[in-house]
Amino acid sequence: MPWSYHIDKEHSFVLVEQSGACRADELPAIQKAVRNDLDFKASFRALFDLRGITDLKLSLSEIDTAAKNSPFDGKGRKAFLVDQNIMRGYARAYERAAIVGEGGFQLFGEIAEAKEWLGID
């Protein structure tokens, strides 16, 4: 599962992108990488671009575990960019288990809409 992330410290923003197969046993590594990055703050806004996922190998209980172990707190907005109905369902499952808090959580099909909602360029 090729994951990548970029932290924009100046704008308090994290972009996480994934492509290929998505497997539960690989999720802790990206969470740890983001959490341990010196530029990261748990309150940052985040955009999760999941449009490149081609194969999903996650159960709903594994989604719950990933959500509960998220490095993000509930202060910043979280946008999930998805283009498949199955990913919408999994993102909603993540939302149920995650700390959404005051920041909010939203699904988008277009990156421009997601960025506008997050307040980033």
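**Exercise 1. Determine how many bridges join strand S4 to S5, and place this pair within its sheet.**

Solution. Four bridges join S4 (residues 78-81) to S5, and the two strands run parallel; strands here are DSSP runs of type E with at least two residues, helices are runs of H or I with at least four, and both are numbered from the N terminus. Two strands count as paired if DSSP finds at least two bridges between them. One of the residues to inspect is Phe80, whose bridge partner in S5 is Leu107. Widening the view, five strands form an open sheet in the order S1-S2-S3-S4-S5, with mixed pairing. Its edge strands are S1 (3-8) and S5 (105-108), each of which pairs on one side only. From one strand to the next the twist averages 15°. Helix H3 (residues 85-97) lies across S3, S4 and S5, and runs at about 175° to S5, where axes are lines fitted to C-alpha atoms, for helices over the stretch in contact, and angles run from 0 to 180 degrees between N-to-C directions.

The model is predicted, so that local features need pLDDT of at least 70 and side-chain atom pairs count only at pLDDT 80 or more, while totals for chains, interfaces and linings use all residues. Residues are numbered from 1 along each chain as its sequence is written, and side-chain values use heavy atoms, with hydrogens and water left out.

**Exercise 2. Decide whether Asp49 is buried or exposed, and list its contacts outside the local sequence.**

Solution. Asp49 lies in strand S3 (residues 45-57). Its relative accessible area is 7%, so Asp49 is buried, a class that means under 20%, with exposed over 50% and partly exposed in between (1.4 Å probe, protein chains only). Leaving aside neighbours within four places in sequence, Asp49 is in contact with Val16, Glu17, Gln18 and Leu81, contact meaning heavy atoms within 4.5 Å. For a second aspartate, turn to Asp8 in strand S1, which is partly exposed, with a relative accessible area of 22%.

**Exercise 3. Describe the residues that line the largest cavity.**

Solution. The largest cavity is lined by 23 residues, of which Trp3, Leu27, Phe48, Phe80 and Tyr94 lie nearest its centre. Strand S2 (13-23), helix H1 (27-36), S3, helix H2 (60-68) and H3 each supply at least two residues of this lining. A cavity is a set of points on a 1 Å grid over the protein atoms alone where a 1.4 Å probe fits but cannot get out, and lining residues have an atom within 4 Å of a point.

Terms used: 1 Å grid on protein atoms, 1.4 Å probe; cavity = no way out; pocket = protein on both sides within 12 Å on 5 of 7 lines; lining within 4 Å.
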